[in-house]
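Grab a pencil and open the viewer. Try each exercise yourself before you read the solution under it.

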Amino acid sequence: SGKIILGNENITFMPEHKRAAFIGRIFQDPMKGTAPNLTVGENLIIAYMRSIKKNILSMPSQKEKRYIKEHLAALNLGLENRMNTKIGLLSGGQRQAVTLIMATLNNPELLLLDEHTAALDPLSADTVLELTNKIVSENNITTLMITHNISSALTMGTRTIVMDSGNVALDISGNERKKLSVNDVLNELSSIKNKIIDDEFLL
């Protein structure tokens with residue numbers, strides 16, 4: 001039930017391929033979202049062409065190639081020197097970083113991050129989170145990040161919504177959010193669960 005409204009437009013029943021023109025998405029699995037047998041450059045070109053609604057088989061101009069390479073270089077991972085490397089040969093963290101660029105080459109109206117660091121080792125996860133924060137902040141992209149990491153949920157972005165069994169258990173922002181620790185959130189959730197259990201028992 002309900003509606004999904006984005007930029008005053010009802011997109012509830014809009015086909016996925018049409019929504020993809022203005023919604024960026026990064027999957028939990030670094031192996032998804034890219035074509036492993038294509039090079040880093042080819043993956044980026046396809047993402048760019050799709051985002052500007054051009055034929056993905058057409059050749060980008062030299063200006064467009066420079067634009068793509070500059071965005072990749074901004075990661076500071078040296079991947080702009082590996083444009084001809086098959087993306088399947090990159091590490092999970094490197095691949096997820098490239099996917100982040102692919103999803104934000106032409107600032108989407110909404111960026112969806114589906115536990116995009118869950119499958120990475122701690123060091124790679126921290127790197128990808130830092131890059132995410134940098135890209136989102138610099139380009140002012142509205143972003144919805146799904147995560148099981150409460151610490152990340154409290155430090156990234158401006159609002160934290162905690163879901164429990166399909167319901168909103170906690171919705172915090174502003175100064176209230178800044179004061180909360182991970183333990184505060186866990187204690188709040190624990191008290192909510194106990195209240196639900198008590199209410200069900202009374203019924």
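The exercises below walk through this predicted model, starting with how far to trust it.

**Exercise 1. Find where confidence is lowest and where it is highest in the chain.**

Solution. Start with the overall picture: the chain has a mean pLDDT of 85, and 92% of its residues reach 70 or more. Next, go element by element. Helix α8 (residues 182–202) comes out lowest, with a mean of 68, while β4 is highest at 94. Finally, look at residues 197–203: pLDDT stays under 50 there, and the model gives this stretch zero contacts beyond four places in sequence.

**Exercise 2. Work out the strand order of the open sheet that holds β3, and say how its strands pair.**

Solution. First, the order: the sheet has three strands, running β3-β4-β5, and the pairing is parallel. Then the edges: β3 (23–26) and β5 (143–146) each pair on one side only. From one strand to the next, the twist averages 10 degrees. Now zoom in on β3 and β4 (residues 110–114), which are joined by four bridges. If you want a register marker, take I23, whose bridge partner in β4 is L110.

**Exercise 3. Check whether the length of α4 agrees or disagrees with its residue count, then decide how enclosed the helix is.**

Solution. Begin with placement: α4 (residues 92–104) lies across β3 and β4, at about 170 degrees to β3. Now the length. With 13 residues at 1.5 Å a residue, the expected span is 18 Å; the end C-alpha atoms of α4 sit 19 Å apart, which agrees.

On to burial, where the cut-off is under 20% relative accessible area. In α4, 11 of the 13 residues are buried, so the helix is largely enclosed by the rest of the structure. Among the buried ones are G93, R95, Q96 and T104. The cover over the buried residues of α4 includes β3, α2, α3, β4 and α5 (122–139).

**Exercise 4. Classify the aromatic pair in the structure: which rings are involved, and how are they arranged?**

Solution. There's one aromatic pair to find. The ring centres of Y48 and Y67 are 5.7 Å apart and the planes meet at 55 degrees, so the pair counts as tilted; edge-to-face would need over 60. Then place the partners: Y48 belongs to helix α2 (residues 40–51) and Y67 to helix α3 (residues 62–73), so the pair ties together parts 19 residues apart in sequence. Last, compare accessibility. Y48 is buried at 9% relative accessibility, whereas Y67, at 27%, is partly exposed.

**Exercise 5. Sort the side chains of β6 by face, then describe the hairpin that β6 makes with β7.**

Solution. Step along β6 (residues 159–164) and you'll see the side chains alternate. T160, V162 and D164 point to one face and are buried; R159, I161 and M163 point to the other and are not. Next, the partner strand: six bridges join β6 to β7 (residues 167–173), and the two run antiparallel. At D164, the residue standing opposite in β7 is N167. That leaves the turn: two residues lie between the strands, and S165 takes a positive phi near 55 degrees.

**Exercise 6. Locate A20 and decide whether A20 is buried or partly exposed.**

Solution. A20 sits in the loop between α1 (16–19) and β3. Its relative accessibility is 22%, so A20 counts as partly exposed. For a distance check, go from A20 to N133: they are 113 residues apart along the chain, and their C-alpha atoms are separated by 22 Å.

Methods. Residues are numbered from 1 along each chain as its sequence is written. This is a predicted model: local features need pLDDT of at least 70, side-chain atom pairs count only at pLDDT 80 or more; totals for chains, interfaces and linings use all residues. Side-chain values use heavy atoms; hydrogens and water are left out. Two strands pair if DSSP finds at least two bridges between them. Axes are lines fitted to C-alpha atoms, for helices over the stretch in contact, and angles run from 0 to 180 degrees between N-to-C directions. Contact means heavy atoms within 4.5 Å. pLDDT is the predictor's confidence in each residue, from 0 to 100. Rings of Phe, Tyr and Trp (its six-membered ring) pair if their centres lie within 6.5 Å; planes under 30 degrees apart count as stacked, over 60 as edge-to-face and the rest as tilted. Buried means under 20% relative accessible area, exposed over 50%, partly exposed in between (1.4 Å probe, protein chains only). The expected span of a helix is 1.5 Å times one less than its number of residues.
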